[in-house]
Amino acid sequence: MPRSDTPTEEDIVSLIGKGDGKSQETGVRALYDLMAKPMLRFFVHLGLSPDEARDVLQETFVKVVRSASAFSPGGSAKAWLWQIARNCLTDHLRQTARVRKHETVFDEQGWQSIQDTIPERPHASSTSVEKCVSEGLARFANAMPDRAYVITLQMEGMSIQEIAHQIGRTVAATKEYLSQCRKKVAPFISRCTELLAAEAS
Amino acid sequence: VTVQTDPRDEQWTRALSGSPDPEADAHINREAELVRRALEVRRNSLDHTVPAADESLYQQVEARLHREGVPRAHSSRWKSMLALAATAFALGLLVARVTMIPAAPAMRSPTPAMQTVVVRVENPGQIVQEASREAIGLGLALSVTSTGASYHVSISGLVPESPGQRPLKEALGLSPSAAGAILVIVQKK
């Protein structure tokens, strides 16, 4: 069976989990090459500054290396790695008081209070539909950065499976999550919808 | 559990992905297209601020792993030791040249603004090596000169009470409040 030159997440976690110096170094390097870029992007899109993103990435690597030997080979290594990244992000947000103690990033209940926020009406200067939607989306992304990130991935054509790994949900739950996005965005662009109707008539 | 989904949500999501359903309500497709454009602008703007996953950051990750007590590979240790040996050799040559110049003590003196701390330890070489590794991980400017009996470690960019710099300060015997540029003379006890 042909084998790709790029190690899989399972290979990487296995290498790191072996514990001997050389394997671990090879695994950490491979993990960095494969995951550092998407994880940094994930952290920034979820509201961290570049410096914070670097710090949380380092924390993620420390936790991965420390717990790699306990990883169960039957599970999805990619989902496991993203779970650690999300936990590190949540811990950081808690430490900086941006998420309350009981909340978790991508936890439906945790974000409920934010989602219940009544969006402001678009500014009076929103004369064009395009500008109105742009301003509405900015407020939406500010209130729900997790959803804004997920619909960005969807917009970019990422597979549901891949999105599911990143947000720690099943494929079915991710589809459901995505299908709710229209309703979540709607209050933020409600006035634009009126402008849109006027534009069409 | 079967979840009933609104077909308009599905159409909106498809249009958002750039594949609008021609049979869908034109209003839904238009709205999704506008959201898509706004998302692209936001995405591009954010992506510009994402730090590069470059070699420098990788070195910081490695240094952090070491600081947290995660063992490093033998090859890395060899690389570090070789780098230190090469630095020590180069600095040895420099010191040998400097000591032949009459004004050498003045030249080696720290600038007036630089604090000087003397640390006496069992193994100065190891302390200097640890400090060098920490400083590289933190991206701080550090230079080391060896006089044979001791090491002169000049370091700048210290921030008082910085948690990230604590291991470096501890390695050099500095207090957490140490700030700015400091010359640490590491001598054998």
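Among contacts in chain A between residues at least 6 apart in sequence, 61% link residues at least 24 apart. For chain B, residues 24 or more positions apart account for 52% of the contacts with a separation of 6 or more. The model is predicted. The points below cover the two chains, a helix pair, the cysteines, the contact between the chains, and a few single residues.

**Make-up of the chains**

- Chain A has 11 helices and zero strands.
- The pattern of chain A along the sequence is accordingly written α-α-α-α-α-α-α-α-α-α-α.
- Of the 201 residues in chain A, 47% are buried.
- Chain B contains seven helices and four strands.
- Starting at the N terminus, the order of elements in chain B is α-α-α-α-α-β-α-β-β-α-β.
- In chain B, which has 189 residues, 40% count as buried.

**Helices H4 and H8 of chain A**

- Helix H4 of chain A covers residues 77-95, and helix H8 of chain A covers residues 160-167.
- The two helices pack at an angle of about 40°, and their axes are 7 Å apart.
- H4(A) and H8(A) are therefore oblique to each other, because an angle that is not under 35 degrees, not over 145 and not from 65 to 115 counts as oblique.
- On the side of H4(A), the contact is made by A:Lys78, A:Ala79, A:Trp82 and A:Arg86.
- On the side of H8(A), the residues in the contact are A:Glu162, A:His165, A:Gln166 and A:Ile167.
- By type, the residues of this contact divide into three nonpolar, two polar and three charged.

**Cysteines of chain A**

- The count over all chains comes to one disulfide.
- This disulfide is formed by A:Cys132 and A:Cys192, whose sulfur atoms are 2.1 Å apart.
- The link of A:Cys132 and A:Cys192 is left-handed, with -80° about the S-S bond.
- A:Cys132 lies in helix H6 (residues 129-143) of chain A and A:Cys192 lies in helix H11 (residues 190-200) of chain A, so the disulfide ties together parts that are 60 residues apart in sequence.
- Both A:Cys132 and A:Cys192 are buried.
- A:Cys88 has a relative accessibility of 3% and therefore counts as buried, because the cut-off for buried is under 20%.
- A:Cys181 also counts as buried, because its relative accessibility is 0%.

**Contact between chain A and chain B**

- Chain B gives 46 residues to the contact, and chain A gives 48 residues.
- About 4400 Å² of area is buried between chain B and chain A.
- Carbon and sulfur atoms give 62% of that buried area.
- In chain B, the residues that lose the most area to chain A are B:Arg42, B:Tyr58 and B:Arg64.
- Together, B:Arg42, B:Tyr58 and B:Arg64 make up 14% of what the chain B side buries.

**Two prolines that touch across the chains**

- B:Pro51 sits in the loop between helix H2 (26-47) and helix H3 (55-67) of chain B.
- The relative accessible area of B:Pro51 is 7%, so B:Pro51 is buried.
- Not counting residues up to four places away in sequence, B:Pro51 touches A:Leu40, A:Val44, A:Pro50, A:Ala53 and A:Arg54.
- A:Pro50 belongs to helix H3 (residues 50-67) of chain A.
- A:Pro50 counts as partly exposed, because its relative accessibility is 31% and the partly exposed class lies between under 20% and over 50%.
- Leaving aside neighbours within four places in sequence, A:Pro50 is in contact with B:Thr49 and B:Pro51.
- Within chain A, the C-alpha atoms of A:Pro50 and A:Leu40 are separated by 8.2 Å, and these residues are 10 residues apart along the chain.

**A:Leu34 and its contacts**

- A:Leu34 is part of helix H2 (residues 21-45) of chain A.
- With a relative accessibility of 29%, A:Leu34 counts as partly exposed.
- The contacts of A:Leu34, leaving aside neighbours within four places in sequence, are A:Thr6, A:Pro7, A:Glu9 and A:Ile12.
- A:Leu34 and A:Thr6 are 28 residues apart in sequence, and their C-alpha atoms are 8.8 Å apart in space.

Definitions and conventions. Residues numbered from 1 in each chain as written. Chains lettered and ligands numbered in written order. Predicted model: local features only at pLDDT ≥ 70, side-chain atom pairs only at ≥ 80, totals over all residues. Heavy atoms only, no water. Axes fitted to C-alpha atoms, helices over the stretch in contact; angles between N-to-C directions. Contact = heavy atoms within 4.5 Å. Nonpolar A, V, L, I, M, F, W, Y, C, P; charged D, E, K, R; others polar. Disulfide = S-S within 2.5 Å. Buried < 20%, exposed > 50% of the residue type's maximum accessible area, 1.4 Å probe, protein only. Buried area = accessible area lost by both parts, 1.4 Å probe.
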